[in-house]
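Reader: I would like to go through the terms used for this model one by one, and to hear in each case what the term rests on. Could you set each value against its cut-off before you conclude?

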Amino acid sequence: MRILKLTIILATILSLGACREDQVVILSEKVPVAPPEIQGGLVGFYLLNEGNMGSNKCTLDFMNLQTGVYHRNIYGEANPDVPKELGDVGNDIAIYGNRLYAVINCSNKVEVMDKWTAKRIGQVDIPNCRYIRFDGDYAYVTSYAGPVLLTPNYDQIGYVAKVDTATLQVVARCEVGFQPDELEIVNGRIYVANSGGYMSPNYETTVSVIDLETFQEVKRIEVAVNLHHLSADSHGLLWVSSRGDYEYTPSSLYCIDLADEEVCGSVDVSVGNMCLSGDSLYIIADDYSYLQNDWRGAVYSIVDVVEQQVVCNNFIKDGTERDIKMPYGISVNPVNGDIYVTNATSFVDPGRVICYSKQGIKKWEVRAGDIPAHFAYLWKDEKTK
Amino acid sequence: MCAQTRRDSTRVINEVEVTGSRAEAVVEGQTLSGKQMEALRNHSVADAIRYFAGVQIKDYGGVGGLKTVNIRSMGSNHLGVFYDGIQLGNAQNGVVDLGKYSMDNLEEITLYNGQKSSIFQPAKDFGASGTLYLRSRRPLFMEDERDNVKFTARGGSFGLKNISGLWEHKWSKKVTSSLSAEFTDATGKYDFRYKRVNQKGEVMWDTTATRNNGDIQAERVEAYVQGNIDEGLWNVKAYFYNSERGIPGAIVNNVWKHSQRQWDRNFFVQSHSQKAWMKGRLESQFNIKYAWDKMRYLNPDTTLRYVDNTFNQHEVYVSSATHFVVFDDLETCRRKGKFDVGVSADYQWNGLDGVLQGASFVSRHTMLLAGAATYEIWRMKMLASVMGSFVRDHMTDKTDECTPSVFLSMTPIKGNKDLELWAFYKRIFRMPTFNDLYYTDMGNKYLKPEYTTQYDIGLSWKHDWNHAMLRHLELRTEGYFNQVDNKIVAVPKGNSQYRWMMMNLGYVEILGVELQMKTRWQFSRDWSLDFGGNYTYQKAQDFSDPEDNDPEAGTWGGQIAYIPWHSASAMGTLSWAIKGNMGMNLNYSFIYTGERYHTSSNILANYEQPWYTHDLSLRYAVSLKKVRLSATLEVNNVFDQQYDVILNYPMPGRNYKGIVSCEF
């Protein structure tokens, strides 16, 4: 009987000591990371953490540059009544007008929030959505999930959705190549980087050109395999990154002359992510080579878009790049030129954001959410930009 | 109840017939049989073995949902599962989905940590970090009977409809057979609820939805023939399983249903034979198996990448084992003791076709050689074994490894076998699976094997009383330290989370303590109680990346994903023999899984709450002449707890099952 009593006591301790409770909405965490600093009209930046597929752990952080405080995971606190929070796998973020738009890839939606409070306004349902850009009253969003072709592999055409920002409805679609990623709007045309990422090893190799007026694809520009990022400079060039095939072809960088819409050059540099600041294209990468069975090593380079070559092989000057396990996102502060690099670590554990001065000296570092990746700057007044 | 009595009375014969071997294990395993087995009869194998100490299950929810098992936090690839003596393989992903195996036709389940410390077994039995033996029911007949027939029908929550039948026949004094079949159909639908409150406890959101696409249709047919020969036995088994199921998927924001499907067809035929010579001093066994597994996976969801893959796996296995008693004076003067040596050799071929990187067909030859010796003297037994593994994959480097194990046990008190002490050391590895090596987008053909090293000490005390209310008490405690090195983990491959890659990066250390108790009480002639429980403490720390050592959120030293520090289970059966031919059993079982984190970074955002379920069932059995009838009513998760075992995979709340069975 003593045993029975002991068991009952043990069971009671177990059930009282560690009971299941109601799950509480996780509040944001405020971490002071830098001294307060007035940077013109710049208030701070939003950072979207992708979160792993199936984890539903896409989170939103905000760095207030004026106070120097980093606000980690603000969406839940701002929107405690939204079931299942922000969603699964964030892929892009942007501010347009008074709104903050977050493209949530595996939740098949664009989340629309107030840009000051991050309070939810609504959502645009777009399956397998990837990147967003704006023009006039419309948002343009790339999606992998177009019509299925009756090919043996059921290949699926991608499209660009035209979204009315007033009604948050998709008003038109324009089919492009397979698995379109980033897009850029210049001179009344939308340029779309087609990846063909689902079709390995038969990747796409083109940039689609859409006429904004008619919203029809008018041209394909042949570039390289598995295109990803796009960025137009102020000299009439469109910079395009290719992911390579992860095996024999490394990632690299190409430029398209927007006047004749033809490739006019390339730079031999690995590109994982990039950010244009003035005439400097900041590039990070950590490519895997199947042939060498190893990572090629991290890249922190600057390409000068006028000289069209690498002008700086390592913009981090104090050796702290050694602490970055997996460079993933990059952004350059438009006011003071600070460089923000994100470290995705193992992809399943929390990532980090590191701030470097323009001179490449580390200023601060803070823990973010899982896979920190995409930036959007918040200005006091859009005009002071 | 009545059926049970029949089986219990023949238990002794049964043991001999099934294991066939007189060479026992040096260290006993944990066993589920008899009343406990009967109480868990209507669960899957995965659900049943949760009641073993040191077992953690990853359950993705539902009738057809994936359930994988790991022992002592070493990862599910390290558990060897044996069905009627021969290992169930899955060269493709290394994981045997124990949710697929029905308890309907099983008689006993035994789990050994390290290995079954026996000398007379195939080399494969030495080749895992832990082994689980599933033993199906063997045909047994009363004196004047030639046939046994049993029908069972089950129904209940999740739209479950299940029927099974068994026919056992005695062809001659020496040859018997059994044929069994089972059909399952379920919609798999259940309601689940997610809820959040604010800091003040006010409900912020509270959502109930239906779990969809968890349906399953499955058929299983098994045939078995066994025979006795002079000083030996033989048996042949054929197994066929066919199923179609939905894969319910993760519940994330804006995605509440999925449409992925999977078709499985598993077939194997295997044979075991053994014979002894020289009055049992020399004994040999021979095993052979052929298995064909076909799996088709379809993702028709156009918001995701379209996938329609079919894989065919083939396995050929041949094994032979022999042991020889060099000397044995245990029955006589006990001066020299007993020395027994054994050797076993296995050959296995695995082939896989399907969509794999750079090859349409991959194959592997595995040659295993094991040598073992046991020595028994005074009150001590010891076993030492060495295993050589020689693996040849057609695309990768060869693997030649030699790994040891040592087991030691003793009964320290003279003339009393109640108290037993034991210890073991074992080092073994698992090969990278075909998916690890070759799977498109993920595979890495440069992978090396993943090693485990185990140190274990244990103590048990058991005693039987003939007249007291407490008839039997068994206490067992075990402490262990495991290391997993060269651990195969998926890491991102460059700047995209859609491209992953398997690497030998991990290192994990596991320190654990297990406590177990089993009791049997006889309150009166008609009332008895079997009650037992176990508790496991595990500290499983990730020491993979010394640089990720942020004291708050770093993974260095963090508890690995989904391993709780505390877990426990309890099970009781209250039996009432109403009359000679009538009986009732009330079963209660409880599972507790303590707080966990879903990654090695142990922060609030990764925190998973404890969960615990209480299950109840009531069984009534009656014997009418030769016909034995029983009816069971089950209520599982009685308090309707809403929980996830795996993040975003909601588990069912309270659910019911009714079972009727008839045997004659």
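**Values and cut-offs**

Author: Let me begin with one residue of a pair: B:E552 has a relative accessibility of 53%, and since exposed means over 50%, B:E552 counts as exposed. The model is a predicted one.

Reader: What makes A:R367 buried or exposed, and with which residue does A:R367 meet in a salt bridge?

Author: The relative accessible area of A:R367 is 7%, and because buried means under 20%, A:R367 is buried. Its partner is B:E552, with 2.8 Å from N to O, a value that lies within the 4 Å asked of a salt bridge. A:R367 belongs to strand β28 (residues 362-370) of chain A, whereas B:E552 sits in the loop between β26 (527-542) and β27 (558-559) of chain B, and so the pair joins two chains.

Reader: Why is the contact of A:R220 with A:E217 called a salt bridge, and how exposed are A:R220 and A:E217?

Author: The closest N and O atoms of A:R220 and A:E217 are 2.4 Å apart, and the rule asks for a side-chain nitrogen of Lys or Arg within 4 Å of a carboxyl oxygen of Asp or Glu, so the contact is a salt bridge. A:R220 has 37% relative accessibility and A:E217 has 28%; partly exposed covers what lies between 20% and 50%, and therefore A:R220 and A:E217 count as partly exposed.

Reader: How do you know that B:R619 and B:E38 meet in a salt bridge, and what does the pair tie together?

Author: The distance for B:R619 and B:E38 is 4.0 Å from N to O, to be set against a cut-off of within 4 Å, and the pair is listed as a salt bridge. B:R619 lies in strand β32 (residues 611-624) and B:E38 in helix α3 (residues 34-39) of chain B, so that the pair ties together parts that are 581 residues apart in sequence. B:R619 and B:E38 are buried. There is also a network in chain B, made by salt bridges that share partners, and its members include B:D84, B:R138, B:E182 and B:K237. Over all chains, the rule gives 52 salt bridges.

Reader: What makes the patch with B:V236 nonpolar, and where does B:V236 lie?

Author: The patch is made by B:V225, B:V236, B:V269, B:Y290, B:W292 and B:V316, and its area is about 390 Å²; Val, Tyr and Trp are among the side chains that count as nonpolar. B:V236 lies in strand β14 (residues 232-246) of chain B, and its relative accessibility of 33% makes it partly exposed, over the 30% that a patch requires.

Reader: Why is the patch with B:R379 called positive?

Author: B:R334, B:R379, B:K414 and B:K417 form it, and because Lys and Arg count as positive, the patch is positive. B:R379, in the loop between β19 (359-377) and β20 (380-393) of chain B, is partly exposed at 33%.

Reader: Why is chain B called as compact as a globular protein of its length?

Author: Chain B, with five helices and 36 strands, has a radius of gyration of 25 Å, close to the 26 Å of the globule rule for 664 residues, and so it is as compact as a globular protein of that length. Buried residues make up 59% of chain B.

Key. Residues numbered from 1 in each chain as written. Chains lettered and ligands numbered in written order. Predicted model: local features only at pLDDT ≥ 70, side-chain atom pairs only at ≥ 80, totals over all residues. Heavy atoms only, no water. Patch = residues over 30% accessible without salt bridge, like charges linked within 9 Å, V, L, I, M, F, W, Y side chains within 5 Å. Areas by Shrake-Rupley, 256 points an atom, 1.4 Å probe, with all protein chains shown as cover. Charge placed at Lys NZ, Arg CZ, Asp CG, Glu CD. Helix = DSSP H or I, 4+ residues; strand = E, 2+ residues; numbered from the N terminus. Buried < 20%, exposed > 50% of the residue type's maximum accessible area, 1.4 Å probe, protein only. Rg over C-alpha atoms; globule rule 2.2 N^0.38 Å.
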